[in-house]
Number of protein chains: 2
Amino acid sequence: MMKRVTYLLTLMLLPLMAMGQEVKSPNGQVAVKFYLESGRPTYEMSYQNRSVVKPSHLGLELAKDKHASKGLRETSLMDGFVIKDTKTSTFDETWKPVWGEVAHIRNHYNELAVTLDQPATKREMIIRFRVYDEGMGLRYEFPQQDSLVYFTIKEEHTQFAMTGDHTAWWLPGDYDTQEQETQESKLSEIRSRFHDAVNWNNSSVAVFSPTGVQTALQMKTKDGLYINIHEAACVDYATMHLNLDDKNFVFESWLTPDATGMKGYMQTPCQTPWRTVMVSDDARTMLSSKMIYNLNEPCKLEDTSWIHPTKYCGVWWEMIVGKSSWNYTDEYPSIKLDQIDWTKVKPNGRHAANTAKVKKYIDFAAANGLQEVLVEGWNVGWEDWANHWKDYVFDFVTPYPDFDIKYLNDYAHSKGVKLMMHHETSSSTQNYERHLPEAFALMKKYGYDAIKGGYVGDIIPRGDHHFSQSMNNHYLYVIKEAAKHHIMVNQHEAVRPTGLCRTYPNLIGNESARGTEYEAFGGSRPDHTVILPFTRLQGGPMDYTPGILETQLKTWSDNPNYVHTTLVGQLALYLTMYSPLQMAADLPENYAKYDDAFQFIRDVACDWDDSKYLEAEPARYITVARKAKGTNNWFVGGKCNEDGHRSTVKLDFLDKGCKYEATIYADAKNASFDKNPKAYVITKRTVKRGDVLKLTEAPGGGFAISIIAQ
Amino acid sequence: MMKRVTYLLTLMLLPLMAMGQEVKSPNGQVAVKFYLESGRPTYEMSYQNRSVVKPSHLGLELAKDKHASKGLRETSLMDGFVIKDTKTSTFDETWKPVWGEVAHIRNHYNELAVTLDQPATKREMIIRFRVYDEGMGLRYEFPQQDSLVYFTIKEEHTQFAMTGDHTAWWLPGDYDTQEQETQESKLSEIRSRFHDAVNWNNSSVAVFSPTGVQTALQMKTKDGLYINIHEAACVDYATMHLNLDDKNFVFESWLTPDATGMKGYMQTPCQTPWRTVMVSDDARTMLSSKMIYNLNEPCKLEDTSWIHPTKYCGVWWEMIVGKSSWNYTDEYPSIKLDQIDWTKVKPNGRHAANTAKVKKYIDFAAANGLQEVLVEGWNVGWEDWANHWKDYVFDFVTPYPDFDIKYLNDYAHSKGVKLMMHHETSSSTQNYERHLPEAFALMKKYGYDAIKGGYVGDIIPRGDHHFSQSMNNHYLYVIKEAAKHHIMVNQHEAVRPTGLCRTYPNLIGNESARGTEYEAFGGSRPDHTVILPFTRLQGGPMDYTPGILETQLKTWSDNPNYVHTTLVGQLALYLTMYSPLQMAADLPENYAKYDDAFQFIRDVACDWDDSKYLEAEPARYITVARKAKGTNNWFVGGKCNEDGHRSTVKLDFLDKGCKYEATIYADAKNASFDKNPKAYVITKRTVKRGDVLKLTEAPGGGFAISIIAQ
């Protein structure tokens with residue numbers, strides 16, 4: 001591991017005045033200033049001397065402490081502070097991710113740590129700032145101390161005062177779902193557009209404020225600054241939303257509560273996650289920044305040799321589309337796992353995860369270089385799994401009678417393929433945890449090494465929320481337990497990531513946003529996938545499940561919906577939506593229809609030595625070139641919104657003097673996502689460094705290029 | 001197993017009128033009548049033609065069902081019913097408990113099952129009555145049906161209309177604690193006495209109504225009827241309290257909510273626990289009845305050979321009294337288990353569970369025929385275990401550095417003794433479940449076969465309550481998992497039992513009431529232990545931990561409190577407080593001071609072939625004779641309240657023609673619990689069937705007799 005570490009500690013005892021303390025990024029362009037305003041912690045942030053965050057307060061409101069002595073019971077960590085001391089330091093280290101967009105990541109920042117005293121309570125709190133060239137992170141730290149041992153957070157009040165009525169790409173703040181379509185509006189328009197932005201059909205809707213939004217929140221100022229607010233390293237803490245004071249354009253943190261309504265149970269020494277603000281005048285910096293990862297702890301797994309980026313296919317899309325079913329029988333209004341004899345129930349004839357079908361998927365994977373085959377619906381319990389707050393909903397170990405788990409795993413292994421385990425929890429987390437040891441044992445017995453997990457529906461323990469401190473602890477518990485068994489985890493509907501995959505790289509994916517499945521539920525706007533990399537992907541990769549080449553579902557099913565990209569646009573997603581886990585989500589028979597285009601999915605890598613964002617504008621277009629891990633091959637992808645896009649790709653990243661063969665998958669002239677999605681042109685040509693490719697992306701389209709060194 | 005079963009099903013299609021259907025007990029003395037009153041299910045109950053329960057409504061209030069079609073969303077199971085059919089049957093079976101007060105239990109009842117239709121919703125519900133000679137049970141059953149699949153119970157409205165202002169022995173209804181002192185008052189006085197009955201110092205107080213009380217509720221009518229209301233087989237359901245309409249003396253069920261405020265999550269087919277009313281004109285029948293057990297399912301464990309009644313001692317009382325500590329260090333305001341190096345912390349010098357001390361307890365147990373030694377405080381985490389809502393509070397596998405777990409178990413086994421595991425959960429149940437597999441593995445590795453568990457403090461998942469459906473499921477989950485490992489369970493602070501030990505006889509004990517520990521916290525009234533057998537013990541045995549022969553704690557500690565019985569009264573508890581698990585709770589050095597009295601504890605059995613309640617009056621006195629399992633020896637105990645009691649024991653239960661040596665442990669003439677507790681007289685004499693013993697019990701005293709066949 002390459003490491004260049006210089007760690008300087010500078011103790012500066014400041015006079016106790018409100019002059020403030022400033023820390024700048026290594027290149028000097030980002031500056032953060034901290035001071036007390038009448039005892040209230042306050043910061044501001046600038047970029048190239050332009051204000052990014054106006055003076056904003058920091059602090060935490062605590063719940064009454066019934067164990068504290070009288071008078072102190074209601075004292076929050078909001079004000080009444082004096083500065084005890086400040087420390088600045090600098091840090092510069094380059095680390096090597098287990099998988100990723102690049103082979104090496106530089107973590108270079110200047111730090112300011114301010115120790116605050118609250119004399120009335122004799123409490124101490126540290127606010128730590130880390131300032132990077134592309135933004136900053138701040139967090140609260142609570143050292144071990146007699147006067148602050150356990151405390152309950154009623155609310156965190158971290159402010160982000162914006163300088164104006166920025167354009168924002170936002171999701172309604174919600175304690176349980178993050179699968180809405182992104183809204184693009186001025187900050188001042190959030191309130192009026194909020195109601196329509198909520199998917200009220202989702203039974204788990206838990207919105208809390210008509211100006212509450214989620215992070216990562218991407219914004220753009222009138223004068224062309226890109227600003228992104230998110231969080232990093234959300235561990236043992238509730239997920240942060242942002243509530244907007246839309247008169248003054250001040251965001252304030254709004255944490256996710258648990259069933260009691262409280263938002264955090266803390267024991268010193270401890271700290272909050274990092275609250276991050278990224279800023280640049282170049283949208284590409286938003287995508288290439290590794291600041292969120294850098295603010296997470298280094299990898300805690302000693303052995304990571306078993307973690308591998310993976311392309312996979314699976315028994316999934318045909319059920320999403322409605323052609324077949326996860327469940328095995330339709331015979332009963334509900335089932336009880338401990339009271340049913342599966343050999344005697346009447347099959348519904350539509351159960352997808354049967355031995356014959358899975359065998360075909362295994363053959364397909366083996367023939368096309370896909371390492372794993374996901375099988376959803378393999379295990380008993382799908383008859384009434386969703387939306388009943390049912391406790392014992394799955395046991396995670398019992399296959400349906402038509403799924404021969406031993407035979408299929410043996411068969412897959414004989415073909416060099418693995419099955420991917422599926423653990424839908426139905427959000428009955430206690431039940432899942434009770435069965436985890438046996439579930440892991442079953443996986444090891446049959447040779448599974450990866451789980452796709454799911455958290456659909458209301459949480460059990462009842463009253464809790466998907467993004468609370470306790471649920472965040474649950475997700476991480478599963479990840480850590482899986483790591484002990486050398487099992488990779490891809491959690492769907494779990495909390496949006498905050499860079500934890502640096503620390504636990506067996507977390508190889510999350511859904512945690514609106515995935516491809518919504519194309520079968522009515523569709524997602526064409527700009528959806530050119531927003532996600534600015535927002536959802538900031539914290540970690542998304543298992544978006546691209547590759548639906550048969551974009552018109554009615555051609556093979558009764559589903560009237562269509563995918564809101566062109567066929568080529570689907571190919572582009574393997575590059576623009578970075579993930580070490582990439583599904584070829586369509587059916588083998590659909591790939592057979594478009595075998596020449598499918599060749600790109602066969603070829604494309606999912607782990608990279610380098611990535612270069614060539615073009616980017618939120619909700620408009622993204623173009624990226626990536627160098628496949630351990631090779632000299634490049635893959636370039638471009639994706640755009642419903643307006644189409646003309647892209648100019650300068651191949652100045654190729655090796656000098658080296659010849660490459662490029663295969664270009666482009667939208668045909670009259671292609672469009674809605675009217676003519678499957679019109680594409682594949683061309684091959686020899687290219688070299690310095691060549692320029694001009695590409696026209698259709699409305700909702702894109703392009704994909706493989707550039708293979710000769 | 002002896003079985004005499006006659007099961008008769010009689011289908012009686014009644015005309016749909018409100019005439020009612022009556023079912024009587026096998027001896028005809030108890031009668032229950034059911035009918036609809038304007039579509040509302042209604043019942044009444046009598047004993048020897050005297051009204052016991054006046055006409056009372058039955059029904060359940062459901063939460064709005066968001067999945068139900070409009071109009072049906074708010075329809076409860078309260079009214080609008082018609083009788084579809086009724087069935088009567090009779091049942092008579094004798095079964096053999098794994099352990100108990102008697103070798104065989106007869107389960108003899110007449111049954112009435114009424115199937116009700118609610119035409120507006122097309123829902124069906126069955127109300128089933130089982131009528132015994134000593135009372136009745138009723139429950140609601142919900143068959144599988146399309147129009148009632150999942151439902152949420154907002155409240156159960158089962159009424160018990162009393163005939164007058166009875167005397168009651170009651171505890172304040174509370175969702176989290178059942179350790180108050182029992183109040184004796186008229187029903188009309190509950191409201192005015194409620195506030196003083198609550199222990200407001202307990203941080204978990206969760207009372208809900210000024211006339212809310214707990215079950216088992218023992219009452220006595222002016223004309224000498226004893227009535228007891230409780231429940232049986234509380235499985236996958238919230239614990240019932242009773243709320244009194246004190247104008248009309250009508251009790252109504254009041255279930256324990258979870259964090260959402262809802263009270264039950266049901267999936268058909270399912271049923272409620274039995275709601276029981278015992279009645280007799282003889283208080284002894286309240287104690288000898290096995291109706292609660294009979295209303296539970298037969299044993300579900302195939303192999304019960306590993307379950308054994310146990311006398312034990314342990315490292316416990318000296319910590320309760322305050323002389324030593326559970327925790328190992330006082331160095332930190334709090335600890336984090338994953339961040340502490342126990343070999344480097346500073347011991348506080350007061351840690352009781354150290355190798356040398358435990359070794360002494362093992363020697364003591366071996367020398368005195370005690371099978372096990374409980375060790376509390378053996379495992380890390382006691383530094384800040386209580387009242388912080390701390391999640392990762394114990395790991396259940398790591399001993400403190402001064403507790404040599406391997407050596408001590410080996411040493412114990414070499415002496416024919418076992419150590420008893422202690423699992424205090426601090427009510428952090430998720431954490432406990434996460435560690436259970438490793439905790440069981442540790443137990444099996446070292447040879448433990450029993451757990452004393454604890455649930456002190458507020459529940460995690462936060463917002464839940466000790467007696468909710470989900471927590472009741474947790475307790476049973478632990479019992480069932482333990483059974484898989486052949487481990488016996490004794491749960492403290494868990495839900496009060498409802499006879500589940502019939503079904504899972506590895507549940508060998510519960511605290512679930514005010515135990516002996518309160519004698520060190522200020523004391524319990526002398527009548528406390530002559531109330532508990534009528535109330536708390538109805539559902540199962542209590543690990544009361546008697547045997548404190550040094551009743552005056554200040555003689556060996558700084559604790560100013562004293563035990564509110566005489567020394568002999570402590571001996572009597574081994575008989576009057578039936579349990580297959582009996583502790584000799586005092587310190588070995590205290591037993592050495594009273595070795596002649598301790599002989600009774602050495603001798604007394606804890607499993608029985610027969611038990612005869614000779615005298616009983618709630619809160620006044622209880623006298624019982626028990627025949628030790630597999631022997632011809634009898635043990636007789638009498639316990640009384642602060643008024644003392646003169647007892648006449650006719651030895652007509654002894655075998656004719658057999659000679660016995662009786663050792664009589666009696667209060668000395670001037671003995672009393674407060675002024676002269678340790679004055680006792682031990683006499684020996686030969687006795688035979690028909691002899692009569694006259695015994696004088698001192699205020700707060702009692703007597704104990706061993707009668708050994710020669």
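## Two copies, one shared surface

The two copies meet through the same surface, because 100% of the interface residues of chain A are also interface residues in chain B. Contact means heavy atoms within 4.5 Å. This is a predicted model: local features need pLDDT of at least 70, side-chain atom pairs count only at pLDDT 80 or more, and totals for chains, interfaces and linings use all residues. Residues are numbered from 1 along each chain as its sequence is written, chains are lettered from A and ligands numbered from 1 in the order in which they are written, and side-chain values use heavy atoms, with hydrogens and water left out.

**How the copies relate.** A turn of 180 degrees and a shift of 0.0 Å along the axis lay chain A on chain B with an RMSD of 0.0 Å. That is the relation of a two-fold axis. The superposition is by least squares on the C-alpha atoms of residues with pLDDT of at least 70 in both copies. Of the residues of chain A, A:Ala259 comes closest to the rotation axis, with its C-alpha at 2.9 Å.

**Chain A as a whole.** Chain A has 11 helices and 37 strands. These are DSSP runs, numbered from the N terminus: helices are H or I with at least four residues, strands are E with at least two. The C-alpha trace spans about 75 × 70 × 50 Å along its principal axes. Among contacts in chain A between residues at least 6 apart in sequence, 71% join residues at least 24 apart. Buried residues make up 67% of the 710 residues in chain A. Here buried means under 20% relative accessible area, exposed over 50%, and partly exposed in between (1.4 Å probe, protein chains only).

**Two buried residues.** The table sets out one residue from each chain.

| Residue | Helix | Relative accessibility |
|---|---|---|
| A:Glu433 | α7 (residues 429-446) of chain A | 10%, buried |
| B:Ala482 | α8 (residues 469-484) of chain B | 0%, buried |

Which residues does A:Glu433 touch, not counting residues up to four places away in sequence? In chain A they are A:His474 and A:Tyr477; in chain B they are B:Gln430 and B:Arg434.

B:Ala482 touches B:Phe440, B:Ile487, B:Val489 and B:Asn506, again leaving out residues up to four places away in sequence. B:Ala482 and B:Leu436 are 46 residues apart in sequence, yet 9.0 Å apart in space, C-alpha to C-alpha.
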